[in-house]
Amino acid sequence: EVALTARSLWREVPWLDAGARIEGPAVARLDEIFRDSWLEAGGAPFPPLPMPPRPPAGSSPVRVISHDGLRDAATLEAFLALVDGAQSHLYVINGFPLLLEIQHALLRALRRGVRVRTLFGNLTPTHAGVPFGGPWSSARIAATELVHSRQDLLVQHGAEAYRLTVPEQPGWEPGLGSVRPHVHAKALSADGLVCAVGSANLDITASYWESEVLLVVEDPPVARALETRVDQLIAASERVDRDDPAWQATALRRQWMRRWPGVLSV
């Protein structure tokens, strides 16, 4: 519904995001997390809202996991548990540089024979390969290279890596071509059995420094529905071909980026 043109700014290009609507007992935990975060950030105190016990709203077992800044790494531990426990396949949707610990866990999964499919984007969106303009566009292009560099090793070892691509849409400037937007979604699904979505990126800042929330849903129908939606996005997107000489040259050029920043990573 956004009328894009070649002159649109990158911040006007819609990005891929993901969220969840929660009902039932888990709402109380979210209310508690919000209140604690509000007070810690200096918000005016307010008494806890009266919240009677909520009966289950459905049959989906869920777990709300909160990561409290430098005090813990709870969301990272949840992601690692999901990856290390996968037996069949993994879907990883993330738009920021993979934390090396998560990258290494995905490499372990590949060595176990797990099918790994990743979906990522461009921090500076492009149209037909040309970046959209706007403030900090060049810096975001450099940051995109770092994002892609963390995918290179996975591709080299057999992962299916896809750059999110949206075919030209009605209402866009004719001839604009396909668009590769930013991916802001943070989601993971394992074996079609359990999935996770939230504010927690799979990068170093979200894993160690920022305060984040992750919803883990242990419900096969929900996990499979998420995977089906990702399959639809992948079907229109470009897969990185590890046998492509152009990709090999690009991956070699940015190989140094794989280890930067390596603080708190192994």
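In the predicted model, Ala128 is located in the loop that joins β4 (126-127) to β5 (130-131). Although Ala128 is not a glycine, its phi is positive, at about 50 degrees. Ala128 counts as exposed because its relative accessibility is 53%, the cut-off being over 50%. A second non-glycine residue with positive phi is Trp136, for which the value is near 65 degrees. Trp136 belongs to the loop between β5 and α4 (137-156). With a relative accessibility of 69%, Trp136 is likewise classed as exposed.

The largest nonpolar core comprises 34 residues, and the most contacts inside it are made by Phe79, Leu90, Ile102, Leu106, Val116 and Leu188. At least two residues of this core come from each of α2 (74-85), β2 (89-93), α3 (100-111), α4, β8 (187-190), β9 (194-198), α5 (204-209) and β10 (212-217). Leaving aside residues up to four places away in sequence, Ile102 is in contact with Leu76, Phe79, Leu80 and Leu202. Apart from the largest core lies another, of 13 residues, which include Leu16, Leu164, Ala187 and Leu233.

Helix α2 consists of twelve residues. From the first C-alpha to the last, α2 spans 16 Å, close to the 16 Å expected at 1.5 Å a residue. Its buried residues are Thr75, Leu76, Ala78, Phe79, Leu80, Leu82 and Val83. An α-helix has 3.6 residues a turn, so residues three or four places apart point the same way.

The largest pocket encloses about 660 Å³ of space. Its lining is formed by 30 residues, with Ala20, Arg21, Leu215, Val217 and Val222 closest to the centre. Two or more lining residues are given by each of β9, β10 and α6 (220-235). The largest share, five residues, is that of α6. By class, the lining of this pocket contains 21 nonpolar, five polar and four charged residues.

The second largest pocket holds about 420 Å³ of space. Of the 20 residues that line the second largest pocket, those nearest its centre are Asn122, Glu145, His148, Arg163 and Arg180. Elements supplying at least two residues each to this lining are α4, β11 (238-239) and α7 (245-253). The greatest contribution, four residues, is made by α4, a helix that also supplies at least two residues to the largest nonpolar core. The lining of the second largest pocket divides into five nonpolar, seven polar and eight charged residues.

Definitions and conventions
Residues are numbered from 1 along each chain as its sequence is written. This is a predicted model: local features need pLDDT of at least 70, side-chain atom pairs count only at pLDDT 80 or more; totals for chains, interfaces and linings use all residues. Side-chain values use heavy atoms; hydrogens and water are left out. Buried means under 20% relative accessible area, exposed over 50%, partly exposed in between (1.4 Å probe, protein chains only). A nonpolar core is a set of buried Ala, Val, Leu, Ile, Met, Phe, Trp, Tyr and Cys residues joined through side-chain atoms within 4.5 Å. Contact means heavy atoms within 4.5 Å. The expected span of a helix is 1.5 Å times one less than its number of residues. On a 1 Å grid over the protein atoms alone, a cavity is a set of points where a 1.4 Å probe fits but cannot get out, and a pocket is an open set with protein on both sides within 12 Å along at least five of seven lines; lining residues have an atom within 4 Å of a point. Grid points are joined across faces, edges and corners, and a volume is the space filled by probe spheres set on the points. Ala, Val, Leu, Ile, Met, Phe, Trp, Tyr, Cys and Pro count as nonpolar, Asp, Glu, Lys and Arg as charged, and the others, Gly among them, as polar.
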